[in-house]
Amino acid sequence: MKQNRHQKITELVSDYEIETQEELADRLREAGFCVTQATISRDIRQLHLSKVPLGDGRQKYAVLRQDPAFHADKYIRVMRDGYVSMDMAQNILVMRTVSGMAMAVAAAVDAMKFPELVGCIAGDDTIMMAVRSTEETKILMEKIGELIARR
């Protein structure tokens, strides 16, 4: 049952611009699956779905490919699309993003596994990153700055 549901979710997010968990749940119910919000949330994590920008300010769920080179490019693209500014307060790096993009950018930053980074907390347009030291915060800022500036 779970494998069939995961296959259907992959199909749905490929065929439609699904923006919310509720929309995904509705489409699954229409397809005959009985799901709860908790099930959808768990499936999203297990399938490694990510929200990607549509270009008009909206976002949709998408399946991440397993190619590491694709991941790096995708994460950099998400960071570029969402980035507004960053500043540091000792070992805390605060990044401002476009409204609604903080969680996607934080997920991209986490996925890039910067050794200086302990973890991220994201709101709507702000990410707080706990970094190991003040010096490593400066290093991380440089790394992120270079990735965002690279074309």
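# Sheet, helices and cores in a predicted model

Q: What makes K51 count as a charge over the ring of Y61?
A: The charged end of K51 sits over the ring of Y61, 5.1 Å from its centre. The term requires NZ of Lys or CZ of Arg to be within 6 Å of the ring centre and within 35 degrees of the ring normal. The 5.1 Å of K51 therefore satisfies the 6 Å limit. R27 likewise lies over the face of Y16, at 3.8 Å from the ring centre.

Q: On what kind of model do these statements rest?
A: The model is predicted, so that local features need pLDDT of at least 70 and side-chain atom pairs count only at pLDDT 80 or more, whereas totals for chains, interfaces and linings use all residues. Residues are numbered from 1 along each chain as its sequence is written, and side-chain values use heavy atoms, with hydrogens and water left out.

Q: How many aromatic pairs does the structure hold?
A: The structure holds 0. To pair, rings of Phe, Tyr and Trp (its six-membered ring) must have centres within 6.5 Å; planes under 30 degrees apart would be stacked, over 60 edge-to-face, and the rest tilted.

Q: Why is A106 called buried?
A: Its relative accessible area is 6%. Buried means under 20% relative accessible area, exposed over 50%, and partly exposed in between (1.4 Å probe, protein chains only). At 6%, A106 is therefore buried. A106 belongs to helix α5, whose buried residues are A102, A104, V105, A106, A108 and V109. Helices (H or I, at least four residues) and strands (E, at least two) are DSSP runs, numbered from the N terminus; α5 covers residues 102-111.

Q: Which residues is A106 in contact with, leaving aside its neighbours within four places in sequence?
A: They are C120, A122 and I127, where contact means heavy atoms within 4.5 Å. A106 and I127 are 21 residues apart in sequence, yet their C-alpha atoms are 6.6 Å apart in space.

Q: Why is T137 called buried?
A: The relative accessible area of T137 is 0%, and the limit for a buried residue is under 20%; T137 is therefore buried. T137 is in helix α6. Residues up to four places away in sequence aside, T137 touches M88, Q90, N91, I92, L93 and V131.

Q: What makes β5 and β6 a pair of strands?
A: Two strands pair if DSSP finds at least two bridges between them. β5 (residues 117-122) and β6 pair in the antiparallel sense over 5 bridges, so the requirement is met. L117 has V131 in β6 as its bridge partner, and the two strands form a hairpin with 3 residues between them.

Q: In what order do the 4 strands form the open sheet?
A: The order is β3-β4-β6-β5, with antiparallel pairing. β3 and β4 are joined by 6 bridges, and β4 and β6 by 5. M95 stands opposite I127 in β6, while D87 stands opposite V94 in β4.

Q: What makes β3 and β5 the edge strands?
A: Each of them pairs on one side only. The twist from one strand to the next averages 20°; axes are lines fitted to C-alpha atoms, for helices over the stretch in contact, and angles run from 0 to 180 degrees between N-to-C directions.

Q: What is the largest nonpolar core made of?
A: This core has 24 residues; those with the most contacts inside it are V105, V109, L117, I127, M129, L140 and I144. A nonpolar core is a set of buried Ala, Val, Leu, Ile, Met, Phe, Trp, Tyr and Cys residues joined through side-chain atoms within 4.5 Å. Its largest share, 6 residues, comes from α5. Apart from it lies another core, of 14 residues, including I9, V13, L28 and Y61.

Q: Why is Q90 called exposed?
A: Q90 has 61% relative accessibility, and exposed means over 50%; Q90 therefore counts as exposed. Q90 lies in the loop between β3 and β4, and its phi is positive, near 55°.

Q: Why is K113 called exposed?
A: K113 has a relative accessible area of 67%, so the limit of over 50% is passed. K113 lies in the loop between α5 and β5 and has a positive phi of about 50° although it is not a glycine. Most residues other than glycine have a negative phi.
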